[in-house]
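Colleague: I am still learning how labels are given in a structure, so could you take me through the reasoning behind some of them?

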Amino acid sequence: IRCWSNIPFITMPLSRAHGKSFAHRSELKHAKRIVVKLGSAVVTRGDECGLALGRLASIVEQVSMLQNQGREMMIVTSGAVAFGKQRLRHEILLSQSVRQALHSGQSQLKDMAIPVLEARACAAAGQSGLMALYEAMFTQYSICAAQILVTNLDFHDEQKRRNLNGTLHELLRMNIVPIINTNDAVVPPPEPNSDLQGVNVISVKDNDSLAARLAVEMKTDLLIVLSDVEGLFDSPPGSDDAKLIDIFYPGDQQSVTFGTKSRVGMGGMEAKVKAALWALQGGTSVVIANGTHPKISGHVITDIVEGKKVGTFFSEVKPAGPTVEQQGEMARAGGRTLAALQPEQRAEIIYRLADLLTDQREEILLANKKDLEEAENKGRLALPLLKRLSLSTSKLNSLAIGLRQIAASSQDSVGRVIRRTRIAKDLDLEQVTVPIGVLLVIFESRPDCLPQVSALAVASGNGLLLKGGKEAAHSNQILHHLTQEALSIHGVKDAVQLVNTREEVEDLCRLDKLIDLIIPRGSSQLVRNIQKAAKGIPVMGHSEGICHVYVDTDASVEKVTRIIRDSKCEYPAACNALETLLIHRDLLRTPLFDQIIDMLRVEQVKIHAGPKFASYLTFSPSEVKSLRTEYGDLECCIEVVDSVQEAVEHIHKYGSSHTDVIITENEKTAEFFLQHVDSACVFWNASTRFSDGYRFGLGAEVGISTSRIHARGPVGIEGLLTTKWLLRGDNHVVSDFSEHGSMKYLHESLPLPQRNTN
């Protein structure tokens, strides 16, 4: 007997020793040997006659891609019965009696009944055609496929089992994709048995059990079971309270109510779960997912292997803390309780957090020191990001001051009446401010962001999910602990949650039933990735901070260098730092221009020349690669314009609608600039660095938005609120206001309650 483990492999070696399943989704990318089980509902068309060719082609493409990466792919497929049923129906319609009917007229065909087709006969007729189709599809990717038909006896007979095992390993060794199916032409009907009770016993009575048995026999790393539902739900899919289970653990069966099986195939979801748990017990990781959804079927297999949150992942390792879904629900419930508190109580929480930032200063700075040391040792952060990561006593003091400002200004933020209208006699309408719901704030290398955003969420009555970068893990942990300590004084500890699981940002952006608004704080690449990944959840933020300063001909010599130095050099990594300096053409070769260049050189700012600026110089600095560049460092672009109108046009073409500045003593020119530049923040004779929630008097900000709806510019408490309408009546019905009704609309504006300005 050949021992398969001694057969040399031509592909890369296994990336891990088999015997234990993967604990987390993120580890699935290390899967070397993979079984993909295609359920009948995935392979067949909706009419159950014939194959879903487009869907099948997409699956073959994904399997081929993974095979060509050096993985060992196997497919357990259904579809022979459906394919055979299509062929046999066609044959019956072309039988001798039907041909006679065709000659005599089409009307007789309408009354012809197709007899019930026996499944074994359909399987016998469909196997060869199904395999021919797979071969043709895999050939497009220069991959060979081979068919293997099995029955339960092939696993129960030791010699046959060894032969099957050896055949499969030989095929994998030769880089061939085995296509495995139960031999439905000869297989007996399934009988009740006591299988699925132990790792050594499983009866092959459908393709779910076949895939599980095969996965364990072949020591595969991953079994992907594709069906016509998104995964495993805690109650039958389609029911009102059904929730998709992200991770399923052994022993959770009691918490699940199974529904009916799919429209085709032998097994239902209960059979899939039992087979999945059996495979998991045997050391194979399992994911059950939807292979029929048109939006995801084209990449469902590759997404699973990449570790994305698709379907239900079966794991033996239960995390110590709550899942991110549970955290989202806790934040929702905590946020509603928070919103119901009195304004003074919410302010007390923020004041307490401000005190803790200064009282626990040493512990915070010690945790931050650990983050800085780890980042420097690993060398994975650029200098600007290290600066953002660093906390100091002065930063903590500034944070505390900002939080106290938020507390003082939040007294009437939630529940404030912004409009009152008398619709009719005794029918009054109010529009009042309310929290948005649950916010997801994702931030990089900025631990000071955590208390700022937490305070704003508390002030606005929102639940909050925080996802910080791993480079600030120690700092974030202690700051979140202090936040929860402050929240505990009024029993709303759960309102602010720190996501510590291995959740990828892209997966968090798909939680549209748990999250109402995403606010990214970090690099332009992070913001772009989140905007791309967010499905059905609005994103507030800006992808880039390409800020301009335009120096007009009437600019003050004293103001120019001060404003430019502060805008570029005070904190070059900030999103509100100067990136492009626009200079009026008439200022070239003047003392003012020389002063600007000298100042930038003293501050060690690297200059990149725009195309027009470079054309005026004999020896110019390096020409800029793109006028849409956010440097985030001591670098900037200088470009020349002929007028304030051209400066505005340049900003509109190359800017990011963040913050733009004009330096001039000409009020008319300044007003033209202020009115015509379409950016979130437009300044006259002031540094771009003023574009900040704290400096605007908002206390702090969750970010700067360049969006054109809801909130724009630095976003404080007001930007985290929406409104709802309250109508108070007395037995009012719309029919009373009809043409012959007894009531008339008044639509009178009513005075607003006086705001608390203390």
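**Helix α18 and its salt-bridge neighbours in the text**

Modeller: Let us begin with a helix in this predicted model: the buried residues of α18 pack against α13 (343–359), α14 (361–378), β11 (438–443), α17 (449–460), β12 (463–468) and β13 (496–498).

Colleague: Which residues of α18 are buried?

Modeller: In α18 the buried residues are Ser475, Asn476, Ile478, Leu479, His480, Leu482, Thr483, Gln484, Ala486 and Leu487.

Colleague: How do you know that the span of helix α18 agrees with 1.5 Å a residue?

Modeller: Helix α18 covers residues 473–487, which is 15 residues, and at 1.5 Å a residue these should span 21 Å. The C-alpha atoms at its ends are 21 Å apart, so the value agrees with what is expected.

Colleague: What makes Glu430 and Arg420 a salt bridge?

Modeller: The cut-off is a side-chain nitrogen within 4 Å of a carboxyl oxygen, and the side chains of Glu430 and Arg420 meet at 3.6 Å, N to O, so the pair counts as a salt bridge. This pair links distant parts of the chain, with Glu430 in strand β10 (residues 427–435) and Arg420 in strand β9 (residues 417–424), ten residues apart.

Colleague: Why is Glu430 called buried?

Modeller: Buried means under 20% relative accessible area, and Glu430 has 15% relative accessibility, so Glu430 counts as buried. Its partner Arg420 has a relative accessible area of 22%, and is therefore partly exposed.

Colleague: How do you know that Arg510 forms a salt bridge with Glu506?

Modeller: The closest N and O atoms of Arg510 and Glu506 are 3.3 Å apart, and the limit is 4 Å, so the pair meets the rule. Arg510 counts as partly exposed at 25% relative accessibility, and Glu506, with a relative accessible area of 31%, is partly exposed as well.

Colleague: Which parts does the pair of Arg528 and Glu544 tie together?

Modeller: The side chains of Arg528 and Glu544 meet in a salt bridge at 3.5 Å, N to O. Arg528 lies in helix α20 (residues 524–533) and Glu544 in the loop between α20 and β15 (547–551), so the pair ties together parts that are 16 residues apart in sequence.

Colleague: Why is Arg528 called partly exposed?

Modeller: Partly exposed lies between 20% and 50%, and the relative accessible area of Arg528 is 33%, so the label follows. Glu544 is likewise partly exposed, with 22%.

Colleague: How many salt bridges does the count come to?

Modeller: By this rule the count comes to 35 salt bridges.

Terms used. Residues are numbered from 1 along each chain as its sequence is written. This is a predicted model: local features need pLDDT of at least 70, side-chain atom pairs count only at pLDDT 80 or more; totals for chains, interfaces and linings use all residues. Side-chain values use heavy atoms; hydrogens and water are left out. Helices (H or I, at least four residues) and strands (E, at least two) are DSSP runs, numbered from the N terminus. The expected span of a helix is 1.5 Å times one less than its number of residues. Buried means under 20% relative accessible area, exposed over 50%, partly exposed in between (1.4 Å probe, protein chains only). Contact means heavy atoms within 4.5 Å.
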